[in-house]
Amino acid sequence: MNPAFSARLVNGPFGDPGLYIHLRLEGRALLFDLGHNNALPAADLFRVSHVFVSHCHMDHFIGFDHVLRLLLARDKTLYLFGPPGIRACVEGKLRGYTWNLVDNYEFAIEVAEVAPDHVQRTLFPAATGFTPKPLAAEPFTGTLLDEPKFRVRTAHLDHRIHSLGFALEEKTHLNVDTTVLERLHLKGGPWLSELKRALQQREPDETLITACWREKGQEVSQTLSLGELRDTLVKETRGQKIAYVVDTIFTPENAARIATLAQGADLFFCESPFLNEDEDQATRRYHLTARQAGLLGRMARAEKLMVFHFSPRYSGQADRLYREAQETFYGRGEQGNENKEENTRSPSP
C-alpha cells in the first residue's frame with residue numbers, strides 16, 4: 001500500500017516538538033505544533049494548509065512568527081486550531097508588529113479555539129491589520145477537520161492547562177490493481193486521482209470517468225463509467241492513521257483518552273521527556289516517562305511508537321529513552337524484540 005501520509009518530526013528528539021505531515025496525493029501538508037521550525041524548507045511550509053497547536057508553551061508556539069513571515073504575502077487562508085486561550089495568543093503575536101502596508105494583502109488566519117464544549121472561530125485578515133473578526137461558534141464534537149479523504153480528531157489532555165492530542169485518520173485507502181489496469185488496456189495518469197475522488201465522494205455508478213494518457217507521443221483517452229471501475233480496478237482497504245500526543249501527565253483519565261484517540265494508529269508519536277527512574281520529576285512537570293509512553297502505545301494497540309521531546313538532562317543518552325519505551329511497548333523479552341527497537345526511534349528531521 002502506498003501511504004497517503006508522509007510524516008516526519010520537524011526537529012530531532014531533543015528539539016522543539018513539531019510534526020510535519022505531507023498529504024501526498026493532494027500536494028499540501030498539515031503541521032502539528034509550532035515549535036522552532038526554521039529547519040523546514042520554505043517550500044514545505046508553503047504547502048501547509050492547517051496547523052494544529054497542542055498548547056502555547058514557548059517550545060510549541062515560538063515558530064508562529066516564522067510561518068507568518070513566510071506566508072504573509074501569499075493569497076491563502078491558514079487554518080489554525082488550538083486549546084482555550086489560543087485566540088488571545090495569536091492576537092498577542094500579531095499585535096507585536098506594525099501593519100500599515102498590508103491593506104492589499106489577501107492572507108488571513110482563521111483561528112479555532114477548541115474548548116471542551118464548543119469551538120469558537122475568529123478570522124484575522126492581513127488587509128485589516130489582522131483586526132479580529134469573530135465567526136460563529138459551533139459545538140465541540142471531537143472532530144476538528146472533516147474532509148472527503150481524511151479527518152482530524154482531538155482530545156483534551158491535562159498539562160495543568162488543556163493540551164490537545166491529535167489523530168489524523170484517512171477514511172479509506174484506495175489501491176489501484178495494476179493487473180486489472182493492464183487487462184483493461186489502460187495506462188496510469190492523473191485521471192486515477194479523479195477516479196479515487198469520485199469513489200471517495202460516493203458518486204453514482206453512471207458518473208463518467210475519462211482515462212487519459214500519452215502513448216508513443218500521442219494522447220489517448222477512453223471513457224468509462226464509475227460503475228465499471230468501482231469493484232474491479234480499485235480495491236478499498238483500511239486507511240492510514242497517525243496520532244500525536246505531547247505534554248501531558250500519566251493519569252487514568254488521560255491514559256484512557258489517549259488510548260481512545262490513538263487506537264489502532266499506524267504511527268503513534270508520543271512525548272517521553274523522562275526516564276522511569278525520574279517518574280517523580282515527570283509527574284511534577286506534568287510530563288510522561290518513556291515507560292509510560294510505551295504503556296500508552298500498548299493500550300492504543302499502535303503499530304509503531306515514535307518517541308521524542310526528550311529532556312536535555314539526557315543529552316547523549318537518547319538510546320536509554322528509546323530502549324525503555326521499546327521494551328514496554330513490545331514487552332520485555334518478547335521473541336524478536338531486539339529487531340524491533342528501531343520502530344521506536346523518531347524519524348530523522
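**Exercise 1. The cavity lining**

Task: In this predicted model, find which elements each supply at least two residues of the lining of the largest cavity.

Solution.
- Step 1. Start with the elements. The strand β12 (173-176) and the helix α6 (191-200) each supply at least two lining residues.
- Step 2. Count the lining. It holds 13 residues. A4, L25, K149, E170 and Q200 lie nearest the centre of the cavity.
- Step 3. Sort the lining by class. There are 6 nonpolar, 3 polar and 4 charged residues.
- Step 4. Add the volume. The largest cavity takes up about 120 Å³. A search of the whole structure finds 1 cavity of 30 Å³ or more.

**Exercise 2. The nonpolar cores**

Task: Work out which residues have the most contacts inside the largest nonpolar core, and which element gives the most to it.

Solution.
- Step 1. Take the core itself. It has 31 residues, and F268, C270, L296, L305 and V307 have the most contacts inside it.
- Step 2. Trace the elements. At least two residues each come from the strands β10 (150-158), β16 (241-245), β17 (267-271) and β18 (304-308), and from the helices α8 (252-261), α10 (290-299) and α11 (318-330).
- Step 3. Pick the top contributor. That is α11, with 6 residues.
- Step 4. Look beyond this core. A second, separate core has 29 residues, including L34, L40, F64 and F124.

**Exercise 3. Two cysteines**

Task: Decide how many disulfides the model has, then classify C270 and C212 as buried, partly exposed or exposed.

Solution.
- Step 1. Count the disulfides. The total is 0.
- Step 2. Take C270. Its relative accessibility is 0%, so C270 is buried. C270 is also among the residues with the most contacts in the largest nonpolar core.
- Step 3. Take C212. Its relative accessibility is 30%, so C212 counts as partly exposed. The partly exposed class runs between the 20% and 50% cut-offs.

**Exercise 4. Positive phi**

Task: Place D33 and R160 in their loops, and say whether D33 and R160 are buried or exposed.

Solution.
- Step 1. Recall the background. Most residues other than glycine have a negative phi.
- Step 2. Check D33. Its phi is positive, about 80°, although D33 is not a glycine. D33 sits in the loop between β3 (28-32) and α1 (42-46). Its relative accessibility is 2%, so D33 is buried.
- Step 3. Check R160. Its phi is also positive, near 65°. R160 lies in the loop between β10 and β11 (162-170). Its relative accessible area is 67%, so R160 is exposed.

How values were computed. Residues are numbered from 1 along each chain as its sequence is written. This is a predicted model: local features need pLDDT of at least 70, side-chain atom pairs count only at pLDDT 80 or more; totals for chains, interfaces and linings use all residues. Side-chain values use heavy atoms; hydrogens and water are left out. On a 1 Å grid over the protein atoms alone, a cavity is a set of points where a 1.4 Å probe fits but cannot get out, and a pocket is an open set with protein on both sides within 12 Å along at least five of seven lines; lining residues have an atom within 4 Å of a point. Grid points are joined across faces, edges and corners, and a volume is the space filled by probe spheres set on the points. Helices (H or I, at least four residues) and strands (E, at least two) are DSSP runs, numbered from the N terminus. Ala, Val, Leu, Ile, Met, Phe, Trp, Tyr, Cys and Pro count as nonpolar, Asp, Glu, Lys and Arg as charged, and the others, Gly among them, as polar. A nonpolar core is a set of buried Ala, Val, Leu, Ile, Met, Phe, Trp, Tyr and Cys residues joined through side-chain atoms within 4.5 Å. Buried means under 20% relative accessible area, exposed over 50%, partly exposed in between (1.4 Å probe, protein chains only). A disulfide is a pair of cysteine sulfur atoms within 2.5 Å.
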